[in-house]
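Trainee: I should like to go through the terms applied to this structure and the grounds for each.

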Amino acid sequence: MNAIQTHIPGFPRIGAARELKFALERHWRGEASESELEAVGRELRARHWAQQRAAGLDFVTVGDFAYYDHVANHIQLFGCEPARFGFGAHDSALARYFTMARGGRSDAACGHGPGCGHAGHALEMTKWFDTNYHYLVPEFSEQTAFALAGERLLGEVAEAQALGHPVKAVLLGPLSFLYLGKERAAAEGFSRLDLLERLLPVSGALLSRLKEQGVAWVQIDEPILGLDLPSAWRNAFEQAYWQLNQAGAQLLLATYFAPLEENLSLACRLPVAGLHVDGVRAAHELINVADWLPAHKVLSVGIIDGRNIWRSDLDAALARLAPVLAKRDGKLWLSTSCSLLHVPFSLDAETKLDPELKSWLAFAAEKLGELAVLKAAVAPGDASHAAAGQSAAEALAEARARITARRASARVHNAAVAARLEAVAADPQADRRAAPFAQRQQVQRQRLQLPAFPTTTIGSFPQTPAIRGARAAFKRGELAADAYEAAMREEIAYAIERQEILGLDVLVHGEAERNDMVEYFGEQLDGFAFTQNGWVQSYGSRCVKPPVIYGDVARPAAMTVAWTVHAQSLTQKPVKGMLTGPVTILQWSFVRDDQPRERTALQIALAIRDEVADLEQAGIAVIQIDEPAVREGLPLRRSQWNAYLDWATKAFRLSAGVARDATQIHTHMCYAEFNDILPQIAAMDADVITIETSRSDMELLRGFGQFRYPNEIGPGVYDIHSPRVPSAAEMTALLRKASAVIPPSNLWVNPDCGLKTRGWDETNLALANMVSAARQLRAETKATTA
């Protein structure tokens, strides 16, 4: 075996043309059978393995493919589907999998009686560490049992082997699997760590099966080693891996997204055959890892960034690798820092992207090529795949030239933006509202005259085939601008009419004209560029196409005012102006790496601030600045939290600080644990915050109550990521729970998130039930205070 080996922790599974997305949606609509969906999966896996081998990788990665989510894969792999779903022998594995992901079973199955909704709820969804990928959260209780159900994974291994590929299987490690779950319906004092001794024999049996099947290496991911772990979890690693090592498989322990810090010594001494570390985010630890990892163990360095789309500075990468290679006697595995799940598939599809900008980028396929170049540079005798038609020296020279050109490009810097940032830094009141919330609240209530438990939605309404078709025709040049605008105005009028009929209190224009909550704004801001096919999986079939922030950000003109004013002209009720916040635009974009993220966030904040001022000037009384990504942007290490939260909350306040007292500022956050940053959320000083709480049965709201969150709050009363429509009684029950921890006078009623992905039939029914629930709470509150 060569001294230098190459591999990747994982590869995008959605397909070069989003084949998996479309196959999933056909299956969910009943237009494709399970066998037809499985055939698409087999074709994609075969294609992706072939691509990895063609790029010169020494192993293909098997086990990174998922029809919805890799954590959900492990729930089935370890046989711990929650009992509340009431699955029976007649339910196929794939049907059970999608029920856990999307919900939809009847209330009766859970045994708690009609209306409880437990069985129908999909698993909770939250962000995968600090990425914009969402995973399904495993549920654990003292009754949880494990049993090996490895047929799917073992079958995929057999597929790869039959195609002649050397296989490296990948698994989520048992401690990370438990840590990333949560206790549900568990006895007091129960910890999911208590289940480790039940899970380890199942994990060990799987490793034995993989070894028997001829798998040379098993990558076992334990990304929680990059977190500030409680001592009980840290202490569990050695015994756990001693037991797993008995299976005889060669284990490559993989960490990513963060430095190991106090866990470095632990990771190096665990009884595994190798260790993969993130050489991008933890570059400063590489020498220590090389020193501490025993010489007989493999060291895999993730030297190519798996999280961003910029070409690697290969000279800098080689410089980082040189001392590590010296310490490891020239033996090293080279890899990407993490799975390439987080970047688009290939630049080949970008036929319209500006050539200069395109020359600065590398997607998943191009990152495989960068690995090949590095391998050719450090081990010339091993490499035959450096780059098509190029020697390693030629490939390095080309990469060097493109890095230099990007740094020198005049399109990157804007002197006016720099001057404005300096002025903001000198003004301590720039990010503050004029009056404190208590005073603003009274002025806003006098202006808006809303009932108790006011109802609203989060912003978007269904993106129907007609809307998508009109947008596509407009982009193709087949629909004139005035015709497209007229079509969107009709859609806005329909959304306003439906909300009036339903009886909502604060309306939205529905965002018919918007393709994506970040892309829409980025298309109108300087410093942003957009790909044609730079899709990245967010969850299930949901893909996003993140903007590329390549230069200084500025707003040339108003972005939302005309649409919002049109909507407001159609109703006497207040219509919210809908904006995406600076941190979310930052987090959900591929961000330039040549300046601190803080500086880019503040540039975006100034652009949003200008839009707030224009909306207010146009008479809009309620403005929502969505910030669902504030929590996901937290550094994984607490020691870095304060610095991040200082500039992240400042960016939000800077965007809203221009608003007058009578203008009500909303924000929205979804699918994250907020309890550990509640002081900072309060410091954002939004007049109203809406959050996702329905999948957690209002559990996420409890922290806001204990913290005595001072401003108004709208806990989501139904899950918009599931096609299931909850009853009015179910939503009423959730609102009663909310009223027990939040003063009813400060409570709003709304769905968990936007309704873009839902259909109008279910939207109408769900919102009618929601309004009914709000009216029931008003009646109960009135009766109580009478």
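Mentor: Helix α7 passes helix α8 in a right-handed crossing. The model is predicted: local features need pLDDT of at least 70 and side-chain atom pairs 80 or more, while totals for chains, interfaces and linings use all residues. Residues are numbered from 1 along each chain, and side-chain values use heavy atoms, without hydrogens and water.

Trainee: What makes the crossing of α7 and α8 right-handed?

Mentor: A crossing is right-handed if the near helix is turned clockwise from the far one by less than a right angle, and left-handed if anticlockwise. Helices α7 (residues 196-212) and α8 (residues 231-245) pack at about 35°, with axes 9 Å apart. The contact (heavy atoms within 4.5 Å) involves L196, L200, P201, S203, G204 and L207 of α7, and A236, A240, Q243 and L244 of α8. These residues divide into seven nonpolar, three polar and no charged.

Trainee: Why is H48 called buried?

Mentor: Buried means under 20% relative accessible area (1.4 Å probe, protein chains only), exposed over 50%, and partly exposed in between. H48 has 4%, and is therefore buried. H48 belongs to helix α2 (residues 34-54) and, leaving aside neighbours within four places in sequence, contacts F11, P12, R13, G15 and F345.

Trainee: What makes β13 and β18 edge strands in the open sheet?

Mentor: The order is β13-β16-β18, with mixed pairing. Strands pair if DSSP finds at least two bridges between them. β13 (526-529) and β18 (590-591) each have a single partner strand, so one side of each lacks a neighbour in the sheet.

Trainee: How do you know that β13 and β16 pair?

Mentor: They are joined by three bridges, in the antiparallel sense, and at least two are required.

Technical notes:
Helix = DSSP H or I, 4+ residues; strand = E, 2+ residues; numbered from the N terminus. Axes fitted to C-alpha atoms, helices over the stretch in contact; angles between N-to-C directions. Nonpolar A, V, L, I, M, F, W, Y, C, P; charged D, E, K, R; others polar.
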